[in-house]
Amino acid sequence: MDRLKTLDAVFIDAEDEDRHTTMAIASTAIFEGPVPSQKEFLAYIARRLPRAPLYRRKLRTVPFRLGRPVWVEDPNFDLGYHVRRTALPEPGGDKQLADLMARVMSQRLDRDHPLWEYWVVEGLAGGRWGLISKVHHSMVDGVSSTDLYRVIFELTPELFPLPAPDDRTVGAEPSSVSLAAQAVVDMAILPARQALALGRAAAAPGRSLKQAVGAARAIAKMAPAVRPAARSSLSGQIGGQRRYAWARASLADIKTVKGGFGGTVNDVVLAAISGGLRALLLARGEEPKPHEVPSLVPVSLRAQGEESIYENRVSAMVADLPVHITDPVERLTAVRAELEDLKESREALAGEALVTLGGYTPYPLASWWVRLVLGLPQREIVTVTTNVPGPQQPLYGMGRRLVEIIPYVPIATTVRIGIAIFSYCGNVTFGLTGDFAANPDLDVLTKGIEDGIAELVAAAGEHSAQKRRSVQK
């Protein structure tokens with residue numbers, strides 16, 4: 001039995017608070033053909049499950065929310081339940097795959113089973129096939145979910161001998177009474193844990209004071225960022241159904257822009273997203289305004305080598321996306337300035353401090369507070385933009401090359417659009433999640449992002465040409 005960490009439990013609370021929210025993250029992997037049979041694929045996954053023991057764990061909630069939920073081994077684990085199979089209608093293009101992804105991700109994962117699903121998708125154009133990997137956000141964050149690709153798939157097309165499938169017998173689940181009793185014990189020793197934390201702080205007063213001052217400054221800096229955004233069609237109540245689409249870009253093009261104007265890859269992709277959201281607002285007859293699109297930007301807190309720890313280790317910043325700026329280069333400059341200011345203010349420390357504080361708060365109180373906040377109407381966050389770097393070397397499954405990975409991020413509360421960015425083998429995909437009713441025009445955002453990249457690449461080329469001409473003079 002393994003109790004969820006504070007942030008992992010927040011994703012369960014978020015789902016419990018709103019029946020229209022499903023907190024699963026996902027991606028679609030596109031493979032070269034031929035599609036494996038169901039028997040072949042099940043055998044392949046069965047021999048890799050020992051590498052990913054989290055896939056055999058199910059969630060158990062504690063009666064009366066006396067404690068954070070726990071992970072327990074599923075005594076009735078059935079791999080066949082988790083591996084589903086479907087096929088696209090002709091012509092099997094991006095539109096048909098996006099519609100399928102939207103339907104799959106509109107449905108909640110069943111908490112009576114481990115919180116993940118694989119969907120093998122037949123009928124993709126060009127003789128290809130797909131694999132939708134769907135997993136609850138309480139199990140993994142973006143970085144650790146990416147590590148699962150390295151765990152399940154291979155770096156070469158050769159098939160190597162693997163251990164036999166894990167067919168061990170698992171004991172019975174803990175009873176509700178025992179879960180409640182353990183939660184009461186945990187609450188009883190919470191003061192001792194608090195005292196130990198204070199003791200560690202007292203033992204290193206200089207470091208503790210520095211951390212406290214840094215967190216306080218970060219919270220103070222963050223306060224102006226959580227003022228209500230200007231009203232627009234991008235924010236409002238969501239329903240239970242989703243739309244989905246994606247945009248594509250070349251990592252080489254993004255690095256060309258980065259080389260021409262400075263900054264980071266993340267600066268460039270956020271500038272392109274700002275251009276796409278601007279195009280969407282204009283297409284809806286809305287004039288983009290300053291402070292109209294504050295975006296939650298997750299920040300990984302993982303140290304090097306911690307990618308395979310399957311839990312959430314993230315904080316977040318709130319970045320104002322400059323959708324009101326017409327010129328693409330000026331938008332990029334504004335994004336760079338915004339993110340540099342956020343990094344200097346160490347705003348991510350604020351979220352980290354709040355999560356740490358939650359670990360020393362009785363769970364019934366912490367859970368009530370989280371669900372209260374999530375249930376309140378909010379206009380402080382309009383979208384979420386999460387950028388996860390993926391492997392830059394090709395991966396293989398059953399000897400088939402994985403050619404593209406397309407990410408999915410969930411939406412909740414009044415956030416009607418979420419954007420996940422993922423890089424793999426020199427290509428970048430922008431997975432766009434939208435509320436079904438509010439975003440019939442999600443393709444406008446797709447084109448706007450791709451146009452935003454193209455504009456920046458053209459500007460970088462002209463900038464380089466001007467520099468060469470000035471040198472020649």
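This is a short tour of a predicted model, taking in its cavity, some of its strands, its nonpolar cores and a few unusual backbone spots.

**A cavity and the strands around it**

Let's start on the inside. By the rule used here, the count comes to one cavity of 30 Å³ or more. The largest cavity has a volume of about 40 Å³. Its lining is made up of Val403, Glu404, Ile405, Phe422, Tyr424, Asn427 and Thr429. Three elements give two or more residues each to that lining: β13 (400-408), β14 (417-424) and β15 (427-435). Which of them gives the most? That's β13, with three residues. Sorted by class, the lining has four nonpolar residues, two polar ones and one charged one.

Now stay with β15 for a moment. Eight of its nine residues are buried, so β15 is largely enclosed by the rest of the structure. Strand β8 (residues 242-250) runs antiparallel to β15, and nine bridges join the two. Along that pairing, Ala247 stands opposite Phe430 in β15. β14 also pairs with β15 in the antiparallel sense, over eight bridges. Here you can find Ile417 standing opposite Gly434 in β15.

β14 and β15 form a hairpin with two residues between the strands, and Cys425 takes a positive phi there, near 50°. We'll come back to Cys425 below.

**A small open sheet**

Another spot to look at is an open sheet of three strands, in the order β1-β4-β3, with antiparallel pairing. β1 (2-3) and β3 (57-60) stand at the edges with a single partner strand each, so one side of each is left without a neighbour in the sheet. Strand β4 (residues 70-73) is joined to β3 by four bridges, and the two run antiparallel. In this pair, Lys58 stands opposite Val72 in β4. As background, strands of a sheet pair through backbone hydrogen bonds, either parallel or antiparallel.

**Two nonpolar cores**

In soluble globular proteins, nonpolar side chains tend to be buried together. So what does that look like here? The largest nonpolar core has 61 residues, and the members that touch the most others are Phe41, Tyr55, Tyr118, Phe153 and Leu402. Helix α4 (residues 94-106) supplies the largest share of this core, seven residues.

Phe153 is a handy residue to click on. Which residues is Phe153 in contact with, leaving aside its neighbours within four places in sequence? They are Phe31, Tyr44, Arg51, Leu131, Leu395, Tyr396, Gly397 and Leu402. Leu402 turns up again here, as another of the core members that touch the most others.

Apart from the largest core lies another one, of 41 residues, including Leu234, Ile273, Val335 and Leu339.

**Unusual backbone spots**

Most residues other than glycine have a negative phi, and most peptide bonds are trans. The table lists some places in this model that go the other way.

| Site | Feature | Where |
|---|---|---|
| Gly33 to Pro34 | cis peptide bond, omega near 0° | Pro34: loop between β2 (24-31) and α2 (38-46) |
| Glu90 to Pro91 | cis peptide bond, omega about 10° | Pro91: loop between β5 (83-87) and α4 |
| His291 | positive phi of about 50° | loop between α9 (265-283) and β9 (294-300) |
| Cys425 | positive phi near 50° | loop between β14 and β15 |

Neither His291 nor Cys425 is a glycine. Is His291 buried or exposed? His291 has a relative accessible area of 12%, which is under the 20% cut-off, so His291 counts as buried.

**One last residue**

Finally, take a look at Ser178, which lies in helix α6 (residues 176-203). Its relative accessible area is 32%, so Ser178 is partly exposed; that class covers values between 20% and 50%. Ser178 and Pro63 sit 115 residues apart in sequence, while their C-alpha atoms are 10.0 Å apart in space.

Key
Residues numbered from 1 in each chain as written. Predicted model: local features only at pLDDT ≥ 70, side-chain atom pairs only at ≥ 80, totals over all residues. Heavy atoms only, no water. 1 Å grid on protein atoms, 1.4 Å probe; cavity = no way out; pocket = protein on both sides within 12 Å on 5 of 7 lines; lining within 4 Å. Points joined across faces, edges and corners; volume = space filled by probe spheres on them. Nonpolar A, V, L, I, M, F, W, Y, C, P; charged D, E, K, R; others polar. Buried < 20%, exposed > 50% of the residue type's maximum accessible area, 1.4 Å probe, protein only. Pairing = 2+ DSSP bridges. Core = buried A, V, L, I, M, F, W, Y, C linked by side-chain atoms within 4.5 Å. Contact = heavy atoms within 4.5 Å.
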